[in-house]
Amino acid sequence: MGFNQLPFLLTAIIPLTVLTYYFFRKKYVEKQISSTLFWVEVMKETKASPYLQHLQRNALFYLQMLGLILLVIALLQPYWKTKSIAGDQIIWVVDTSATMLSKKDGQTIFEGHQKEMLDLTNRLGGKAVTIITTGTEPQVILRNETNTKTIQNAVKSLEVTYANEQFPTTLDFLQTFISKKSTVIYLFTDAIERDQLPLELPDVKWIVKGAPDNLQNISLQRFGAKKVEGQLKAITQVKNDTSKEQQVTISITNETGKVLTNKKIIIPANKEERVLFDNLPDQTALTAKLKVEDDYKVDNEITILIQQNISKILVDQGLQQLVQKAFQAMDFPVSIVPSLQLGDSKDDAIIVTNQTRLLEQKKQPVLLIGRDDKKAKEVKGELKTKDSNLFAYAPIKDVYVNELYPAFRDYKTIATIGDAPFIQISPVGHITVLADIQMTDWPLHPSFPLFLWSAKESLASSGSDIGTFSPNERRIISLAGTGGGEKGYEIFTQGGEYIRSFEDGNSFIAPTKPGLYMMKSGNEEKRFVVTLQQQEKVITKGTSFEYGETMDKKATNFVQQPLVPLLLLLIITLLLVEWEVQRRYGFTH
């Protein structure tokens, strides 16, 4: 224990003066006795408990003296010493991968590490801290920060990002922060091997904080579904990483959460099982869930999108024969179907027609050439196109168009004749050409068959789904040729919770948490799925160890823990007690 302000010891004169005055005051107590008969009894009572009588008469004095003494001690700013963290430079590397959500005794590994970091902040002794999180793109949360409150707030704000820790990338990034000072690096993770660390670094001490032992995990390794002969079939792969036989229930749900089917299976210790599901209802997305008691819940669920398998092209018999022949020239199955039978098709096919009513259905992509519900009007002007994937291989130039049908509202226009829309794309991805082929000289241009081929490729790729991503994956995606991209997109969870906005043409960053998401722009909706990486479905045995020494290993580092707050609390308590004594007994004589 020590004192930071010894000159304030002079203030001890105040309580000493009061105490000296106390010793020179009158020592007798005046009493009125009604009769000498009671004198003997009063004297006996006084002599029986003289110290208690003295304390009762002088309680307020002693409380005031104690308060003064404590105030003098507080002015001296006393403290006690505790051992501080070694090293001149402190770096905390925090693993934010999904496995950090493994839970033991009601607390996740990540929460346990946060508590450890908060405890370490009280032992920094004014030393600067740098905090780095792991991942493909490691993030610097704090750099050379000394303010304890700022460090604690940064630790509390840390969140799991679900992405793989990518230790090689993180450790390479970390080395750029190591200076010539003696450095102590704390690595908060679940498990890492010694040979993964750059142990050759001089004057660096590694302190690895790992996960608890004996974590139990049963994981859903893979999940897939496909339409086979008109039926939807799914398969799951479940792995038991425990040393005991486990009974689990696998349930399959649709995108609204409705349970379609479930099965109970028994998996032997340290084994894998594959489970098939037949005759599932036709769906656009499925989720497989494991119902089992284990220490890691994140890998117990997988969501997938059911991709359309376009098997053929159905061309309306009423369309111009040049359209039919252009599609028949492609290396793809094509059928010419009577107009009245086209809407009854149940095949996974692209429909080429002029029947506007077929645009209302979403399961089969439609290429609309002309319209059967409106009359065309003469137009004049130059053909202009906007940036779109449909024109990547087939730029349209010098095409003459005599008449155009009225445009569709809320459709994105990608080609115009003058100011009138010529080619549009619906919010669900249907492509519309607002002219009959015989109203143009387009078939005389090389761009005509190339455009039809590009339209077929675009429609066959299921325009309402943009794919599967890993957590926080950064990817360049182009939404050109699909409605609404110019306005930007807003990303929501399946439950409607807003995540962030995305502008077409910018680098797309997937959300953090695995699941099904929606991208919305006006009336347009696109879906995508975020799935856990395979590396994050394995729980390895936790490792905690220390390696290396700093140059100041023999130095004793201490941090001062002030006692002033405790003393002030005691003084306030004494003031309250004094007030109560004075209220009950008044001033003593």
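**Aromatic contacts, strands and a pocket in a predicted model**

Five aromatic residues, Phe391, Phe422, Trp442, Phe448 and Phe451, are joined into a cluster by ring pairs. The structure shown above is a predicted model, and the description that follows begins with its aromatic residues. Over the whole structure, a search finds 14 aromatic pairs. In one of them, the ring centres of Trp442 and Phe451 are 5.0 Å apart and the planes stand at 45°, so this pair is tilted. Trp442 and Phe451 are both buried.

Another aromatic pair has an edge-to-face arrangement: Phe508 and Phe528 lie 5.4 Å apart from centre to centre, with 90° between the planes. This pair links distant parts of the chain, since Phe508 belongs to strand E31 (residues 507–509) and Phe528 to strand E33 (residues 524–530), 20 residues apart. Are these two rings buried or exposed? Phe508 counts as buried because its relative accessibility is 1%. Phe528 has a relative accessible area of 0%, and is therefore buried.

Aromatic rings also meet charged side chains in this model. The charged end of Arg194 sits over the ring of Phe545, at 4.3 Å from the centre of that ring. Arg371 is placed over the face of Phe408, where the distance to the ring centre is 3.9 Å.

The next region to follow is strand E29 (residues 489–493). Strand E29 is mostly covered, with 4 of its 5 residues buried. What are its pairing partners? With strand E30 (residues 498–502), E29 pairs in the antiparallel sense over 4 bridges. E29 is also joined by 4 bridges to strand E32 (residues 515–521), and these two strands run antiparallel. Ile491 illustrates both contacts: Arg500 stands opposite Ile491 in E30, while Met519 is the bridge partner of Ile491 in E32. In a regular strand, side chains alternate between the two faces of the sheet.

The connection between E29 and E30 is a hairpin, with 4 residues between the two strands. Within the turn, Gly496 has a positive phi of about 95°.

Strand E32 leads from this sheet region to a pocket. E32 gives 3 residues to the lining of the second largest pocket, the largest share of that lining. The second largest pocket has a volume of about 790 Å³, and 35 residues line it. Lying nearest the centre of this pocket are Thr161, Pro471, Asn472, Pro511 and Thr512. Which elements give two or more residues to the lining of the second largest pocket? They are strand E7 (139–145), helix H6 (148–157) and E32. By residue type, the lining of the second largest pocket comprises 12 nonpolar, 17 polar and 6 charged residues.

A further antiparallel pairing is found between strand E15 (residues 285–291) and strand E16, over 5 bridges. Strand E16 (residues 301–305) is mostly covered, as 4 of its 5 residues are buried. Leu305 in E16 is the bridge partner of Ala285.

Finally, several loop residues deserve attention. Asp105 has a phi near 55°, which is a positive value in a residue other than glycine. Asp105 is placed in the loop between strand E4 (103–104) and strand E5 (107–108). With a relative accessibility of 79%, Asp105 counts as exposed, because the threshold for that term is over 50%.

Asn214 likewise has a positive phi, of about 60°, although it is not a glycine. The loop that holds Asn214 runs between strand E9 (204–209) and strand E10 (218–228). Asn214 counts as exposed because its relative accessibility is 60%.

Ala211 lies in the loop between E9 and E10. Is Ala211 buried or exposed? Its relative accessible area is 8%, and Ala211 is therefore buried. Ala211 and Phe110 are 101 residues apart in sequence, and the C-alpha to C-alpha distance between them in space is 9.1 Å.

Methods. Residues numbered from 1 in each chain as written. Predicted model: local features only at pLDDT ≥ 70, side-chain atom pairs only at ≥ 80, totals over all residues. Heavy atoms only, no water. Phe/Tyr/Trp six-rings, centres within 6.5 Å; stacked < 30°, edge-to-face > 60°. Buried < 20%, exposed > 50% of the residue type's maximum accessible area, 1.4 Å probe, protein only. Lys NZ or Arg CZ within 6 Å of the ring centre and 35° of its normal. Pairing = 2+ DSSP bridges. 1 Å grid on protein atoms, 1.4 Å probe; cavity = no way out; pocket = protein on both sides within 12 Å on 5 of 7 lines; lining within 4 Å. Points joined across faces, edges and corners; volume = space filled by probe spheres on them. Nonpolar A, V, L, I, M, F, W, Y, C, P; charged D, E, K, R; others polar.
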